[in-house]
Structure formats: C-alpha cells, structure tokens
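Thanks for sharing this one. Here are a few notes to read alongside the coordinates, starting with the cysteines.

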Amino acid sequence: MKFAAFCLATLFASVNAFAPTAFAPKTGVGPLHATAEATKAFSKLPASIKPGVVTGKALVDLLDTAKEQGFAMPGVNIVGTNSINSCMEAAKAYGGPIMVTFSKGGGQFIAGKAADNTDDKASIAGCIAGALHVREVAELYGVPVVLHTDHCQKAWLPWIDGLLKASEEYYAAHGEPLFSSHMLDLSEEPLEENIAICKEYMEKFAKVDILLEFELGVTGGEEDGVDNTDVDSSRLYTQPEEVMYAYEQLSQVPNAAFTCAASFGNVHGVYAPGNVDLRPDILHNTQKYMQEKLGCDDDKPMKFVFHGGSGSSVKDIQYAIEAGVIKMNIDTDTQWGFWDGMREYEATNREYLQGQIGNPDGADKPNKKYYDPRMSLRSGEEAMRDRLIQAAKDLKCENVLN
C-alpha cells in the first residue's frame, strides 16, 4: 500500500433499483436545483453527470437514465493503459458511457508480474494505479466513465478491503471515492451468508458513496481465475425469491445503492451455438414478481447487470435490456479484438519485422518504426475500440449523451 498512498498523496489537487434512499450529495455540495439545467454537460443526461469518472449520485442518475431510456453500458475488463484507453476512445466514438473494470489478476498485471503480491499488495497497487490513470485522463475524452472492480469471491475480500481503504482516503481528500463501484461474487456461499457479507460491505461502501454489485446464482465458464466450468446447471438460473430477499436486506442500509448480477444461463467465454441456454425471461419474471411484492409503480424495480456477455446474440442482449439490464460485461470478445489487431499488424508488416536492419526496401534499411511497440499496440487498441463500438450498438448505447 506504500505505492497506493504515494499515488493518493501526489494526486492532490426515488431510486427503485437501489435502496429506498439514493446517495447523498458530496461533502460541501448542495442538492441539485432547477438552475442546474443550464450547466448540463450532456443534453440527454441529468445535470449531475459530467465528463470523467462518475460516482455517488451521478452514478445513480446515470444508471436510472439507462433503465428509463432502455440502454446498457459496456463493462470492460482491462489489463493496462492500452485497454483502458481503448475503452475511453470507444466511448467517445459511440457517444455514450463506459465502465472500466479491474479484476484482481488485472491489477496484479498492471503492477507487474514480478512485483510482490503478498497479501494482494500488487493486485491492490495495480488497481489503484489504473484508477488514478483513468481519473487523470478521462475528462479528455468527454464521456462519463465508471471505475468498477469485477468478481471478488470470499477468499479475495482482503483485495477489496485494500481498495476500500484507498477510496476512503480519496474521499477524505476529494469528497468522492476513488472507485465508483465494487462487485462481490459470493454466489458459492449459501444465500443468507452471501447477502449477510454483502450487507456488511454495503454499510462500508455507503459511507463513501460506493455502489455495490452483488451476484446471485453462478456465471458459468472461466474468467480470470474464477472457474465454474463444471458447475451444476441448475445454479446458472437465479430465482425471483432470492433477488427479493437480497433487495430487502440491502435496502435496510442507509444511503445504499446496489445492482444485481442475477444468473440466467450466463457463461463466461464464447461457445458454439447451442452450448449456452440464455434465459432473459427469468429477469422479466423477477421484475414482475418484485413489483407485485413491493406494490410499486415501477415495472423494473431492480437494476440488473449481465455477466458473460461475450458471444451472446443481439436478440438476447436487447431482451435482457428490456428487463432492466443497465450494464453488460464484455471481456472475451475484447481480448480477441485486441489480439486480432496486433495479429493483423504483424501479418501486414511481417517482412519489416524480421530484424532491426533489412527489409523489402533494401538490405540496409532500418525497421525501427515498424517494431516500435507503440505500432502493434496501437493496432490492438484500434481493434478493441472497434469491437466496443459494435458492442455499444448492440446495447443501444450509441448517441445517448447528446
């Protein structure tokens, strides 16, 4: 955490789908009022949402708007500044928000695989470093960016503890958390234990305006150290009663805000047609069940997130959005996109990449401008950007800012 503390020190400068109470305004900031309309950054979004990282009430407003207008943002797993920049470049191009997502393994990779990861030190420091990078450059892209973390199982909670400490320090200095939201994946635990632990963390998160994403049921497949390839298929489908129980428990926390990663056959990775049976109707049925139990006017009282989105059909994606999905995770497809861009660069320039000197233009011609790492990495960034632009189209997230 020495690196984290250094970074933080030097970088000085209602809501039905959540709990009954939304995030309070940041310290020293009064409530929004009518004149705020004159300072809106985006004509199609509430005035609280500005370019750069969104947290607290602005994040709640963003997700409310996504549900009301019927779009979902891409939630993208990243492993360094190249993939981070691809995310923000894509969001600028498609005209919508983006969620930059750090995993425990991704954080370690950012810090460096040779760094000491005892007690998750490298995983924590890498995620903090990546978050500070996003905060430093996000406004340059002119889009709302959500700083999120992905699956955290029970054994990995010390990783989240370290990130929460960084957000608490950042909140004390800046009036907002370093990270916008965290995901706790305790779906391997019994329901009551899962939600009890989530509730403990929700109480901590709520004090510094961090949103909680929790998982019910299991996302199949394997991703970044979480392997559910052999899970019983019955666990891939969440029951409405489970979602309702979680909602009731977490809603008891003052200032709480949360989203639900309910399983409806989701599987990480890309598989041949017929190998995955997605059931978005489960989300629709759950919303109907909750509306009846709550007696509310909102026909989508829970905001859902869609895990295992890579390789899904546009039909299933958009039907899930109709059921209140406001974010879809995408990792496998963007990993392939990045690699495919680099692969194409190598194939196109192969004869210039076989030595430092000598190419089809002459035996004494230098090849430096071809093997400069920025060239192949940029091709990867561009290909990942283009895949995310397609994802935004599938998610109806194009041109939702202005």
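1. The sulfur of Cys 260 has its closest cysteine sulfur in Cys 198, 9.6 Å away, which is too far for a bond. Seen from the other end, Cys 198 likewise has Cys 260 as the closest partner, at 9.6 Å. With a disulfide needing sulfur atoms within 2.5 Å, the count for the structure is zero. Please keep in mind that this is a predicted model.

2. Are these two cysteines buried or exposed? Cys 198 is buried, at a relative accessible area of 0%, and Cys 260 is buried too, with 0% relative accessibility.

3. For the overall picture, the protein chain has 13 helices and 13 strands. Of its 402 residues, 55% are buried. The accessible surface is about 17,200 Å², and carbon and sulfur atoms account for 52% of that.

4. Helix H11 makes a nice geometry check. It runs over residues 332-348, and at 1.5 Å a residue its 17 residues should span 24 Å; the end C-alpha atoms are indeed 24 Å apart, so the two values agree. The buried residues of H11 are Asp 333, Thr 334, Gly 337, Phe 338, Gly 341 and Tyr 345. Because they cover an arc of only 145 degrees around the axis, they sit on the same side of H11. As background, an α-helix has 3.6 residues a turn, so residues three or four places apart point the same way.

5. What do the buried residues of H11 pack against? Their partners are two strands, E2 (73-77) and E11 (325-330), together with the helices H3 (81-94), H12 (368-371) and H13 (373-394).

6. Thr 332 also belongs to H11, but this residue is partly exposed, with 27% relative accessibility. Its C-alpha lies 8.7 Å from that of Gly 308, and the two residues are 24 apart in sequence.

7. Turning to the rings, a search of the whole structure gives six aromatic pairs. One of them joins Tyr 247 and Phe 258: the ring centres are 5.9 Å apart and the planes meet at 80 degrees, so the pair is edge-to-face. Tyr 247 is in helix H8 (residues 240-250) and Phe 258 in strand E9 (residues 258-262), so this pair ties together parts eleven residues apart in sequence.

8. Both partners of that pair are buried, Tyr 247 at 9% relative accessibility and Phe 258 with a relative accessible area of 0%. Together with Phe 214, Tyr 247 and Phe 258 make up one aromatic cluster.

Definitions and conventions. Residues numbered from 1 in each chain as written. Predicted model: local features only at pLDDT ≥ 70, side-chain atom pairs only at ≥ 80, totals over all residues. Heavy atoms only, no water. Helix = DSSP H or I, 4+ residues; strand = E, 2+ residues; numbered from the N terminus. Expected span 1.5 Å × (residues − 1). Buried < 20%, exposed > 50% of the residue type's maximum accessible area, 1.4 Å probe, protein only. Arc of directions from axis to C-beta. Contact = heavy atoms within 4.5 Å. Areas by Shrake-Rupley, 256 points an atom, 1.4 Å probe, with all protein chains shown as cover. Phe/Tyr/Trp six-rings, centres within 6.5 Å; stacked < 30°, edge-to-face > 60°.
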